[in-house]
Amino acid sequence: MGNFFIITAILLPIISGFGLLNLKIKNEQTIQLYSEYFVIAASLAVWLGILNGPHKLFTLYNFSQGFSIDFYMDPLSMLFAGMVSIMWPFVLLYAFEYMKGEKEFKGFISFFIMTYGITLGVALSGNILTMYVFFEMLSLVTIPLVSFYQDHDSMYAGRYYACYVIGGAALAFIAVIAASVNSGGDFVLGGYSMNGLSDNFLNLIYLLAFFGFGVKAAIFPFHSWLPVASVAPTPVTALLHAVAVVNSGVFAIIRVSYYIFSPDFLRGSKAQYIAMSAVLFTIIYAAARALKERHFKRRLAYSTISNLSYMLFGVVLFTRAGMIAGMAHMLFHGIIKMSLFLCAGAFMHVTGKNYIFEINGVAKKMPLTFGLYTIGALSLTGVPLFCGFISKWKLFSAGAADGTGWGVAGIACLIIAAFFCAIYTLTVSIRAFFPIIGTEYQYDREISDPGVHMLLPIIFFTVANILLGIFPQLVSGFLEYIAGGSI
């Protein structure tokens, strides 16, 4: 029965999205009901699978010995798939109002829900080859979403995005083949010894996988596609920058680091030194770029780049505490950044404006939107009683417990980046609520907070932010279980 739920969760959005693309449906309300029905049905399948507990590996199709399409649901799959399955229906609801009246509304929704199924395919893959196949499919199905508006900037962003993510996948492919040939490629917590291969070769293969899959996690120098892709509609950027694409990159690196390679081998290796150097540089560099960025969504995009490397800092410590901290920030940052992007999109949708200086005084017209934004900003900065504090505390603790110079350097980078974060997020709130006299941007009297379809998802993610900040034990035990503990 568990296998049925897994296949249903993956195939239902893909088939229904492709079907919608080819059905002669023009009424927007009918499209909304159709898409929300199948997305919720897929989410229910995910949770029925989760409630049935971990499932054994099963093979859907076997190409040849060592090369097969396998699926299963282990605790790490449950975390990522469960996270995606809760977020997607709410962002789809947001998209209905945001994209209302667009000429290609049906096409947008079609690719949007197909992306959901493919993201679940990444989460529920049973070996590295299957994960790679869905990882590549995710790149292809999101290109039309990035270039949706079909103007010069959108088409450029689509091509730019395609070059980066497909190029990154080409790097990772070498590691996928090496892992599949030498270990079978199945995911086993603790990884494989891969006897018979030299240490230098293993270091090289790991780094190809790290930077190849890490393109989607926007590791420097493969990060610039993320701000460019912010020209896409906000429902797309929210999922690209908070859940689907970027977290697929982090998820893939966790799989490679802890389920294919042995973390005991990687710890102290040349591969760790190179990967950690790139991660720590990205944390500071992206936070500094966010600080000087004047475009609202691009500022949040640079913030995402920095925070993705927060997660990877925990991951490449190659310790149990680091793995737990990285997963915690993957979950909590997704919740926080989703609310921030949706608030930014609401501002841009209602006002037609894009830049930070245009926010001056707008909270008088949109108090609820910017009140909710401020809660997200406080959480991302690491203020207690919000979930961002919990994951950052775990990262600090993991760095301190590491007992190496990398742990100390990581803590220093996190502190500096948190200071930058406070400036680049909270100055937006200050501009909105307390503009300097004479700088208040003049808006039409009809401007107000968006409708319920856009506000409800923002409120949901804000409540989740506060709830998990006050009661982190709701998920902390499960994160420890994923890393090899008991629940």
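Visitor: Where does Ser269 lie?
Guide: Heads-up: this is a predicted model in which local features need pLDDT of at least 70, side-chain atom pairs count only at pLDDT 80 or more, and totals for chains, interfaces and linings use all residues. Residues are numbered from 1 along each chain as its sequence is written, and side-chain values use heavy atoms, leaving out hydrogens and water. Helices here are DSSP runs (H or I, at least four residues; strands would be E, at least two), numbered from the N terminus. On that basis, Ser269 sits in the loop between α11 (263-266) and α12 (270-292).

Visitor: Is Ser269 buried or exposed?
Guide: The cut-offs are under 20% relative accessible area for buried, over 50% for exposed and partly exposed in between, with a 1.4 Å probe and protein chains only. Ser269 has a relative accessible area of 8%, so it counts as buried.

Visitor: How many Å apart in space are Ser269 and Asp199, C-alpha to C-alpha?
Guide: Along the sequence, these two are 70 residues apart. In space, the C-alpha to C-alpha separation of Ser269 and Asp199 is 8.8 Å.

Visitor: What is the relative accessible area of Ser309?
Guide: Ser309 belongs to helix α13 (residues 296-315). Leaving aside neighbours within four places in sequence, Ser309 is in contact (heavy atoms within 4.5 Å) with Val279, Thr282 and Ile283. Ser309 is buried, at a relative accessible area of 0%.

Visitor: How many of the residues of helix α9 are buried?
Guide: Helix α9 spans residues 234-242 and is mostly covered. Its buried residues are Thr234, Pro235, Val236, Thr237, Ala238, Leu239, Leu240, His241 and Ala242. The tally of buried residues is 9 of 9.

Visitor: How are α15 and α17 oriented, roughly parallel or roughly antiparallel?
Guide: Two packed helices are described by the angle between their axes and the distance between the axes. Axes are lines fitted to C-alpha atoms, for helices over the stretch in contact, with angles from 0 to 180 degrees between N-to-C directions; under 35 degrees is roughly parallel, over 145 roughly antiparallel, 65 to 115 roughly perpendicular and the rest oblique. Helix α15 (residues 367-381) and helix α17 (residues 405-433) have axes that come within 9 Å and cross at roughly 165°. That crossing makes α15 and α17 roughly antiparallel.

Visitor: How do the residues in the contact of α15 with α17 divide into nonpolar, polar and charged?
Guide: On the α15 side, the contributors include Phe370, Tyr373 and Ala377, while α17 supplies Leu426 and Val428 among them. By class (Ala, Val, Leu, Ile, Met, Phe, Trp, Tyr, Cys and Pro as nonpolar, Asp, Glu, Lys and Arg as charged, and the others, Gly among them, as polar), the split is 14 nonpolar, 5 polar and no charged.

Visitor: Which residues is Val428 in contact with, leaving aside its neighbours within four places in sequence?
Guide: Val428 is part of helix α17 and is buried at 0% relative accessibility. Its C-alpha is 9.1 Å from that of Ala377, 51 residues apart along the chain. With those neighbours left aside, the contacts of Val428 are Phe296, Arg299, Ile356, Ile359, Phe370 and Tyr373.

Visitor: What angle do the axes of helix α5 and helix α6 cross at?
Guide: The contact of α5 with α6 has 18 nonpolar, 5 polar and 1 charged residues. The axes of α5 (residues 128-146) and α6 (residues 152-183) come within 9 Å. The crossing makes the pair roughly antiparallel, at an angle of roughly 175°.

Visitor: What is the phi of Gln150?
Guide: Most residues other than glycine have a negative phi, and most peptide bonds are trans. Gln150 lies in the loop between α5 and α6 and is exposed, with a relative accessible area of 53%. Although Gln150 is not a glycine, its phi is positive, at about 65°.

Visitor: And what about Ala218, what is its phi?
Guide: Ala218 is in the loop between α7 and α8, and at 0% relative accessibility it counts as buried. Ala218 is not a glycine, yet it has a positive phi of about 60°.

Visitor: Which residue does a cis peptide bond join to Phe220?
Guide: The omega of this bond is about 10°. The partner is found in the loop between α7 (199-214) and α8 (225-228), and it is Pro221.
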